Amino acid sequence: QVQLVESGGGSVQAGGSLRLSCAASGSIASSYCMGWFRQAPGKEREVVAVIYTYGASTWYAESVKGRFTVSQDNAKNTLYLQMNGLKPEDTAIYYCAAASASYCYTTPPLKNGANYWGQGTQVTVSS
């Protein structure tokens, strides 16, 4: 069992930056990959960034590529999402997730969800 707790959300102006953290209660090394999702009001949840636990390869949605960076610190059991160049359309609740291999190896990864979820943290970007 893995419990995930996000932090670092908040309100920023367009062009600003935020770094989200996701602290895992268990070892993130037990997950095959971890990712960040977001859900804006009235929209479906979408996966924005994924990192594979072994090898640390990454995947990004086109909408955030070049602006967001996902990383992990296995020693601290923490997942991060560095968000730069934020836009109003990035406004959403952001969730971290941990997943087994069957969820990780889809196209795009985690399109079918994940095994474990955090409670979410709100990110609001004003123009």
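Student: How many helices and strands does the chain have?

Tutor: In this predicted model, the chain has one helix and 11 strands. Read from the N terminus, the order is β-β-β-β-β-β-β-β-β-α-β-β.

Student: What does the radius of gyration say about the chain?

Tutor: The value is set against the one expected for a compact globule with the chain's number of residues. For 127 residues that is near 14 Å, and the chain has 13 Å, so the two agree. Along the principal axes, the C-alpha trace spans about 40 × 30 × 25 Å.

Student: Which share of the contacts joins residues at least 24 apart?

Tutor: The count takes contacts between residues at least 6 apart in sequence, and 57% of these join residues at least 24 apart.

Student: How are burial and surface read?

Tutor: A residue is buried when its relative accessible area is under 20%. Buried residues make up 46% of the 127 in the chain. The accessible surface comes to about 6,200 Å², and carbon and sulfur atoms hold 48% of that area.

Student: Where do the charges lie on average?

Tutor: One compares the mean position of the positive charges with that of the negative ones. Here there are 9 positive and 7 negative charges, and their mean positions are 2 Å apart.

Student: Is T53 buried or exposed?

Tutor: T53 has a relative accessible area of 5%, so T53 is buried. This residue lies in the loop between β5 (46-52) and β6 (58-60).

Student: What lies 2.6 Å from a polar atom of the T53 side chain?

Tutor: The backbone oxygen of S31 lies at that distance.

Notes. Residues are numbered from 1 along each chain as its sequence is written. This is a predicted model: local features need pLDDT of at least 70, side-chain atom pairs count only at pLDDT 80 or more; totals for chains, interfaces and linings use all residues. Side-chain values use heavy atoms; hydrogens and water are left out. Helices (H or I, at least four residues) and strands (E, at least two) are DSSP runs, numbered from the N terminus. The radius of gyration is taken over C-alpha atoms; the globule rule is 2.2 Å times the number of residues to the power 0.38. Buried means under 20% relative accessible area, exposed over 50%, partly exposed in between (1.4 Å probe, protein chains only). Contact means heavy atoms within 4.5 Å. Accessible areas come from the Shrake-Rupley method with a 1.4 Å probe; for residues, only the protein chains shown count as cover. Lys and Arg count as positive and Asp and Glu as negative; His and the chain ends are not counted. The place of a charge is taken as NZ of Lys, CZ of Arg, CG of Asp or CD of Glu. A polar contact is a pair of N or O atoms within 3.5 Å; within protein, one must be able to donate a hydrogen and the other to accept it, and residues adjacent in sequence count only if both atoms are side-chain atoms.
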